[in-house]
Amino acid sequence: MKKFLPWIIVAVVVFGIYSWAKGFNNTAVNLKETATKTWGDVESSYQRRNDLIGNLVKTVQGAADFEKSTLEAVIKARSEASKPEIKINNVGDLTAEKLQAFNQAQSGLSSALSRLLVTVERYPDIKANQNFLELQSQLEGTENRINVARDRFNEAVEPYNKHIKTFPNSILAGILNFDDMSYYKAEAGSEKAPDVNFDFK
């Protein structure tokens with residue numbers, strides 16, 4: 001029996017390492033998938049806003065004397081925010097640099113939208129347009145959904161990052177290529193969503 005003892009010890013150790021590695025990997029995969037899904041919700045919310053802004057621009061364009069430069073600024077900002085190289089589809093590529101580029105593009109669109117909505121104040125016919133009122137209401141709701149989606153993404157990233165950074169998990173994370181994810185950080189002053197709620201009375 002004694003001659004088999006070393007082999008039994010080795011088998012127990014190997015099985016223990018295997019169980020640990022398997023448990024780490026499966027948990028990391030599940031946490032990463034959750035973060036991937038929540039990032040998809042962020043993108044979906046921004047895409048909805050992008051679509052609504054496109055419809056808003058078309059509605060405003062109906063006013064022949066509307067300020068052309070304001071419209072062009074929104075159209076350009078919307079195009080920048082829709083660029084494939086800015087839109088992040090692979091959660092593994094969620095680096096701080098790419099998130100910053102994504103956020104800057106979205107913030108640029110928010111600023112252009114704010115200017116557009118302020119300019120609309122001088123056009124009673126547009127403000128009374130039912131389609132415009134409906135789009136304005138939907139935009140307001142979408143801005144709220146964006147904030148919720150971003151918060152949920154950060155909440156999903158935290159347990160994943162903790163899991164792969166905690167020792168001794170950090171050892172396996174490097175071997176199995178589990179990289180940490182960046183949190184979504186709003187630019188200074190952008191924590192307040194554009195005011196799209198007008199009092200038209």
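Is Glu158 buried, partly exposed or exposed, and what is the relative accessibility behind that label? I looked this up in the model, which is a predicted one, and found that Glu158 counts as partly exposed, at 36% relative accessibility.

Entry on helix H5. I then turned to the partner of Glu158 and noted that its side chain meets that of Lys162 in a salt bridge, with 3.1 Å from N to O. Lys162 counts as exposed, at 51% relative accessibility, and the cut-off that matters here is that exposed means over 50%. Both residues belong to helix H5, which covers residues 130–165, and because they are four residues apart they are separated by about one helical turn.

Entry on helix H2. I looked next at Glu72 and Lys68, whose side chains meet in a salt bridge at 3.9 Å, N to O. I wrote down that the two lie in helix H2 (residues 68–81), four residues apart, which is about one turn of the helix. Glu72 is partly exposed, with a relative accessible area of 43%, whereas Lys68 counts as exposed at 61%.

Entry on Lys165 and Asp180. I found a salt bridge here as well, and the closest N and O atoms are 3.6 Å apart. Lys165 lies in helix H5, while Asp180 sits in the segment after helix H6 (169–175), so the pair ties together parts that are 15 residues apart in sequence. Asp180 is partly exposed, with a relative accessible area of 42%.

Closing entry. I noted that the structure holds six salt bridges, among them the pairs Glu72 with Lys68, Lys162 with Glu158, and Lys165 with Asp180.

Conventions
Residues are numbered from 1 along each chain as its sequence is written. This is a predicted model: local features need pLDDT of at least 70, side-chain atom pairs count only at pLDDT 80 or more; totals for chains, interfaces and linings use all residues. Side-chain values use heavy atoms; hydrogens and water are left out. A salt bridge is a side-chain nitrogen of Lys or Arg within 4 Å of a carboxyl oxygen of Asp or Glu. Buried means under 20% relative accessible area, exposed over 50%, partly exposed in between (1.4 Å probe, protein chains only).
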